[in-house]
Amino acid sequence: MREALLLAAQAAEAGEVPVGAVVVKDGQIVGRGFNSPISRHDPTAHAEIAAMRDAARHLGNYRLVGCELFVTLEPCLMCVGAMFHARIARVVYGAMEPKTGAAGSVFNLFTEPRLNHHARIEGGVLAEECGKILSDFFAMRRAQQKSQ
């Protein structure tokens, strides 16, 4: 999760919402990503998607069987869907996302019995640090808007 936090800081430096993610296989990071939908003009450029794309390139397979994904913010519906398709085994997230969280806050797709894949889920890891980078970012953004 510490590496994901470093990636979230990179997103913030780029003016993106600070979310970072890593994919781990057998204890090694095989994929990294951070939010970049603004700069890429791409609504799918979430940290989790970027990390899974990087891992898939690194492993040479779109199925990420046996991989774990660590992300600083609870994943959204789109990202959870991609995790299912990739067959991610475990998802660990930091801060909860009360507006769009799809791993327990708004709803939990990981417990939906009608879906054909289920990952283990763990939330709240380094939640305070993960939440702080987000709240600091939005406070700074609001201050900038007031000064304009």
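**Close-up views of helix pairs and selected residues**

**View 1. Leu126 lies in the loop that runs between β5 (120-122) and α5 (127-147).** This legend, like those that follow, describes a predicted model. The backbone of Leu126 has a positive phi of about 55°, although the residue is not a glycine. Most residues other than glycine have a negative phi, which is the background against which this backbone angle may be read. With a relative accessibility of 26%, Leu126 counts as partly exposed, because the partly exposed class lies between the limits of 20% and 50%.

**View 2. Helices α1 and α5 are shown where their axes come within 10 Å.** Helix α1 covers residues 2-13, and its axis crosses that of α5 at roughly 5°. That angle makes α1 roughly parallel to α5, since angles under 35 degrees are placed in that class. On the α1 side the residues in contact are Arg2, Leu5, Ala8, Ala9 and Ala12, and they meet Glu129, Cys130, Ile133 and Phe137 of α5. Sorted by class, this contact comprises seven nonpolar residues and two charged residues, with no polar ones.

**View 3. Helices α3 and α4 are shown where their axes come within 9 Å.** Helix α3 spans residues 47-59 and helix α4 spans residues 77-86, and their axes cross at roughly 20°. The two helices α3 and α4 are therefore roughly parallel to each other, and α3 passes α4 in a left-handed crossing. From α3 the contact draws on Glu48, Ile49 and Met52, while α4 supplies Met78, Cys79, Ala82, Met83 and Ala86. By class, this contact of α3 with α4 has seven nonpolar residues and one charged residue, and no polar ones.

**View 4. Tyr62 is seen in the loop between α3 and β3 (67-73).** Tyr62 has a relative accessibility of 57% and so counts as exposed, the limit for that class being over 50%. When residues up to four places away in sequence are not counted, Tyr62 touches Ala56, His85 and Ala86. One of these partners, Ala86, stands 24 residues from Tyr62 in sequence, and the C-alpha atoms of Tyr62 and Ala86 are 6.1 Å apart in space. The side chains of Tyr62 and Arg63 are joined by a polar contact of 3.5 Å.

**View 5. His85 of helix α4 is shown with the residues that it touches.** Not counting residues up to four places away in sequence, His85 touches Tyr62 and Arg63. His85 and Arg63 are separated by 22 residues in sequence and, from C-alpha to C-alpha, by 7.4 Å in space. At 57% relative accessibility, His85 counts as exposed.

**View 6. Arg87 is found in the loop between α4 and β4 (90-95).** Although Arg87 is not a glycine, its phi is positive, at about 70°. Arg87 counts as partly exposed, its relative accessibility being 22%. Arg87 is also among the residues in contact with His117, and that histidine is the subject of the next view.

**View 7. His117 is found in the loop between β4 and β5.** The relative accessible area of His117 is 13%, and the residue is therefore buried, as the cut-off for that class is under 20%. A polar atom of the His117 side chain lies 2.8 Å from the backbone oxygen of Ile88. Leaving aside neighbours within four places in sequence, His117 is in contact with Met83, Phe84, Arg87 and Ile88. Of these contact residues, Met83 also takes part in the contact between α3 and α4.

**View 8. Val80 is shown in its place in helix α4.** Val80 has a relative accessibility of 0% and counts as buried. Its contacts, not counting residues up to four places away in sequence, are with Pro75, Ala102, Leu109 and Phe110. His41 serves as a reference point along the chain, 39 residues from Val80, and the C-alpha atoms of the two residues are separated by 21 Å. Val80 and His85 are both placed in helix α4, yet Val80 counts as buried, whereas His85 counts as exposed.

Technical notes
Residues are numbered from 1 along each chain as its sequence is written. This is a predicted model: local features need pLDDT of at least 70, side-chain atom pairs count only at pLDDT 80 or more; totals for chains, interfaces and linings use all residues. Side-chain values use heavy atoms; hydrogens and water are left out. Axes are lines fitted to C-alpha atoms, for helices over the stretch in contact, and angles run from 0 to 180 degrees between N-to-C directions. Helices (H or I, at least four residues) and strands (E, at least two) are DSSP runs, numbered from the N terminus. Angles under 35 degrees count as roughly parallel, over 145 as roughly antiparallel, 65 to 115 as roughly perpendicular and the rest as oblique. A crossing is left-handed if the near helix is turned anticlockwise from the far one by less than a right angle, and right-handed if clockwise. Contact means heavy atoms within 4.5 Å. Ala, Val, Leu, Ile, Met, Phe, Trp, Tyr, Cys and Pro count as nonpolar, Asp, Glu, Lys and Arg as charged, and the others, Gly among them, as polar. Buried means under 20% relative accessible area, exposed over 50%, partly exposed in between (1.4 Å probe, protein chains only). A polar contact is a pair of N or O atoms within 3.5 Å; within protein, one must be able to donate a hydrogen and the other to accept it, and residues adjacent in sequence count only if both atoms are side-chain atoms.
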